[in-house]
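Visitor: I would like a close look at one part of this structure, the pockets and whatever lies around them. Could you take me through that part slowly, in one connected account?

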Amino acid sequence: QDIDGLKQKIVDSMNASASQEVANQLRDSGHFALTDTFASKEPLVVSSPSVGAEASEVTVNVTVTFTMSGAKQDDLISVLDANIKSQIDASKQNILDNGLSQGAIRIEEQKPDGFTRFTLQTTAKVGVEPNEEAIQQAVAGKKKGDAKAAIQSVPGVKDVTIDTSPFWVSKIPSKQNKITIVFEQPSTNGQ
């Protein structure tokens, strides 16, 4: 009975850290860990002296095999990127974040042979390729209103603010090195 209690304490302490350790091993090998598939096999317990014998010291070795399924991260990225690109104008917009790191996974089916079917739901973030030189070329020498319209016509641009100094200047400088472009990504919390 003491051996069983000790075995259970050892297994419980191993389970606490094993899930994260196995997930890290999967990530380190280029896989996306499906943490809901974490499982442990029946522990193998070897005690010395054997059960029923008296001793002043007892050594208990517990061997547990932990498993977790994973999907190749490169494959998931390819599938996500292809799906996202099918929904945007890839010549004018880029994928800023495919959402994989924050994806919600639901295990649909898990077979004993390791086959796992799952769904992955993500929220991708797409936007304008931050090409400062192209924008400088497009607005150089234009009036403020024309420059603003040129930038706003790019898919994914939500707002444009043009500041000139001194305030009475109404035209963008003709020299690109006198034009400063600042890109701001919208906040991800919907504000």
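Guide: A residue counts as buried when its relative accessible area is under 20%, as exposed when that area is over 50%, and as partly exposed in between. With that cut-off in hand, we can begin with Q136, a residue of helix 3, in what is a predicted model. Q136 has a relative accessibility of 9%, and because this is under 20%, Q136 counts as buried. Leaving aside neighbours within four places in sequence, Q136 is in contact with Q176, I179 and I181.

Helix 3, which runs over residues 132-139, leads us to the largest pocket, since it is among the elements that each supply at least two residues of the lining, together with strand 5 (93-97), strand 8 (125-128) and helix 4 (144-152). The space in this pocket comes to about 1,400 Å³. Its lining is made up of 46 residues, and those that lie nearest the centre of the pocket are I151, D159, V182, F183 and E184. Sorted by class, the lining holds 23 nonpolar residues, 13 polar residues and 10 charged residues.

Two of the elements that contribute to this lining can be looked at through one residue each. In strand 5 we find Q93, which has a relative accessibility of 13% and therefore counts as buried, under the cut-off of 20%. Not counting residues up to four places away in sequence, Q93 touches I88, V126, G127, P155 and G156. In helix 4 we find D146, whose relative accessible area is 47%, a value between the two cut-offs, so D146 is partly exposed. From D146 to F32 there are 114 residues in sequence, and 47 Å in space, taken from C-alpha to C-alpha.

The segment after helix 4 deserves a pause of its own. P166 lies in this segment, and the bond that joins S165 and P166 is a cis peptide bond, with omega at about -5 degrees. As a general background, most peptide bonds are trans. V169 is also placed in the segment after helix 4, and with a relative accessibility of 27% it counts as partly exposed, because that value falls between 20% and 50%. Leaving out residues up to four places away in sequence, V169 touches K144 and T164. V169 and S40 are separated by 129 residues in sequence and by 71 Å in space, again from C-alpha to C-alpha.

We can now set the second largest pocket beside the largest one. About 190 Å³ of space lies in the second largest pocket, and the residues that line it are L76, V79, L80, N83, I84, F118, L120, T122 and A124. Helix 2 (73-85) and strand 7 (116-121) each supply at least two residues of this lining, and helix 2 gives the most, with five residues. By class, the lining of the second largest pocket has seven nonpolar residues and two polar residues, but no charged residues.

From the open spaces we turn to the packed nonpolar residues. In soluble globular proteins, nonpolar side chains tend to be buried together. Here the largest nonpolar core has 11 residues in all, namely V11, A18, V22, A23, L26, A33, V60, V62, V64, F66 and M68. Helix 1 (2-28), strand 3 (59-63) and strand 4 (66-72) are the elements that give two or more residues to this core, and helix 1 gives the most, with five residues. A second, separate core has eight residues, including I135, V160, I172 and I181; I181 has already appeared as a contact of Q136.

Finally, it helps to place these parts within the chain. The protein chain has four helices and eight strands, and from the N terminus on, its elements run α-β-β-β-β-α-β-β-β-β-α-α. The C-alpha trace spans about 95 × 35 × 25 Å along its principal axes. A compact globule of 191 residues would have a radius of gyration near 16 Å, whereas this chain has 29 Å. Of its 191 residues, 21% count as buried, Q136 and Q93 among them. Of the contacts in the chain with a separation of 6 or more, 64% are between residues 24 or more positions apart.

Notes:
Residues are numbered from 1 along each chain as its sequence is written. This is a predicted model: local features need pLDDT of at least 70, side-chain atom pairs count only at pLDDT 80 or more; totals for chains, interfaces and linings use all residues. Side-chain values use heavy atoms; hydrogens and water are left out. On a 1 Å grid over the protein atoms alone, a cavity is a set of points where a 1.4 Å probe fits but cannot get out, and a pocket is an open set with protein on both sides within 12 Å along at least five of seven lines; lining residues have an atom within 4 Å of a point. Grid points are joined across faces, edges and corners, and a volume is the space filled by probe spheres set on the points. Ala, Val, Leu, Ile, Met, Phe, Trp, Tyr, Cys and Pro count as nonpolar, Asp, Glu, Lys and Arg as charged, and the others, Gly among them, as polar. A nonpolar core is a set of buried Ala, Val, Leu, Ile, Met, Phe, Trp, Tyr and Cys residues joined through side-chain atoms within 4.5 Å. Buried means under 20% relative accessible area, exposed over 50%, partly exposed in between (1.4 Å probe, protein chains only). Contact means heavy atoms within 4.5 Å. The radius of gyration is taken over C-alpha atoms; the globule rule is 2.2 Å times the number of residues to the power 0.38.
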